[in-house]
Amino acid sequence: MNVETLLVHPNCGEGDGHGGDPFRASAPPIYLSATYDQETPLAFGRYDYSRGGNPTREVLEKQLAILEGAERAFAYPSGVAALDGLATFLRPGDEVLASADLYGGTFRLFTQVWSKRGIVVKYADVTDVSRVSSLITSKTRMMHVEPLGNPMQTVCDIAGLAKVARERGVLMTVDNTSLTPLNIKPLELGAHVVMHSATKYLNGHSDVMAGVLALREKAMIEELGFHHNAEGVALPPFECAMMLRGMETMALRIARQQESAMAVAKYLAGRKDVARVLYVGLEGHGGREVHRSQSRGDGAVLSFTTGSVERSVAIVQRLKLFAIRVSFGSVSSSVSMPASMSHKSVPAELRERYAPPADLMRLSIGIEDCGDLIADLERAMVG
Ligand SMILES: *Cc1c(COP(=O)(O)O)cnc(C)c1O
């Protein structure tokens, strides 16, 4: 079945489709209980303590695993908590080869937190698979990439990188936040672990913070499951139910958002006072061919520059429908200037080459009427 169908049938194929709920509830019940009573001191029931297992979380995690083509998924209280979960597979002295075009908070975690645990992260341009291969050393344990970088819209070849990683005994981890399993399924392309900030498109309504790790291999599932419980980093039940609710409309939301993103990108590309438009769906984008070979859609985030920081700031301030906010992926549109907002943690040595330029504006396209969005941009641009 396609993702569109699975999204509104959680745990399709699981028993009677109600996740074992005795009342056949149409929406998953929220089990707030922290503990579950045993019948005897020697016999454990299916659940004993919610840190290690909770019925509401189980519905969500099963649904996430199905969507990503994984054997098991784990829900975390944020995207960065999920990213930190990847350190389960690392030991002091290990090296990580990471894309130089990553989410700002990922840089912060890798360079300011993991470094304290003796993990060395090296950043590379991952658009060139053979170059990446030449950078792998005997210490490289993990490769971490995003299939479509944000806000710079760099594309990397997930299957090509996964092949190199597997040949060299390196774990390949993919942050699938910006494209979602609706567009690309990294595990099917050879990645070992797929990660999400579910705060973005999976939830889609800016009212839950959550993260996901999904994977296939049994030994890794066991090790990660052990850490998920031992470190107490599971998503609480209310948030799990909110996530399930948000995900039901993900296919509809993203179809509309991607269609509007393309229209907005074309509108901006047609303006003489716009210096550059970065959107992988536009003809002439260098990564478009690789992207289209691995992704069903082009995403709904795009960036543009004007050549002048003052002009960009003025445009952002004149926009009415685009709220000025970090983050993306919500039903309502937003605008940000990553250089001074979400990407302040780009390491100094990468800043010149990879950091978003100071005049760059990033738009996250929501589900509003597209004509209204373009009219708002037009008004702000004309000033
Ligand atoms: C937001 C984001 C994260 C971090 O997720 P949080 O839910 O904010 O902790 C990681 N990766 C990407 C690509 C993101 O956009």
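## Exercises: a pocket, a core and a sheet

**Exercise 1.** Find out which element gives the largest share of the lining of the second largest pocket.

*Solution.* In this predicted model, helix 3 supplies the largest share of that lining, with three residues. Next, look for other contributors: helix 3 (79-85) and strand 6 (193-197) each bring at least two residues. Now zoom out to the whole lining, which counts 21 residues, with Val80, Tyr103, Ser197, Lys200 and Ser327 nearest the centre of the pocket. Finally, the volume of this second largest pocket comes to about 320 Å³.

**Exercise 2.** Work out which helix gives the most to the largest nonpolar core, and which domains the core draws on.

*Solution.* Start with the core itself: it has 59 residues, and Leu60, Met243, Leu268, Leu302, Leu363 and Ile365 have the most contacts inside it. Helix 10 (residues 250-269) is the top giver, with nine residues. Then check the domains: domain 1 (3-247) and domain 2 (250-382) each put in at least three residues. For a close-up, pick Leu268: leaving out residues up to four places away in sequence, Leu268 touches Val274, Val277, Leu302, Phe304, Leu363 and Met381. Another core, of 33 residues, lies apart from the largest one and includes Leu83, Ala98, Met195 and Met220.

**Exercise 3.** Trace the open sheet of five strands and say which strands stand at its edges.

*Solution.* Write down the order, 8-9-12-11-10, and note that the pairing is mixed. Strand 8 (276-278) and strand 10 (323-324) each have a single partner strand, so one side of each has no neighbour in the sheet. Follow strand 10 inwards: two bridges join it to strand 11 (residues 334-336), and the two run parallel. There, Ile324 sits opposite Val335 of strand 11.

Terms used. Residues numbered from 1 in each chain as written. Predicted model: local features only at pLDDT ≥ 70, side-chain atom pairs only at ≥ 80, totals over all residues. Heavy atoms only, no water. Core = buried A, V, L, I, M, F, W, Y, C linked by side-chain atoms within 4.5 Å. Buried < 20%, exposed > 50% of the residue type's maximum accessible area, 1.4 Å probe, protein only. Helix = DSSP H or I, 4+ residues; strand = E, 2+ residues; numbered from the N terminus. Domains from an automatic or database assignment. Contact = heavy atoms within 4.5 Å. Pairing = 2+ DSSP bridges. 1 Å grid on protein atoms, 1.4 Å probe; cavity = no way out; pocket = protein on both sides within 12 Å on 5 of 7 lines; lining within 4 Å. Points joined across faces, edges and corners; volume = space filled by probe spheres on them.
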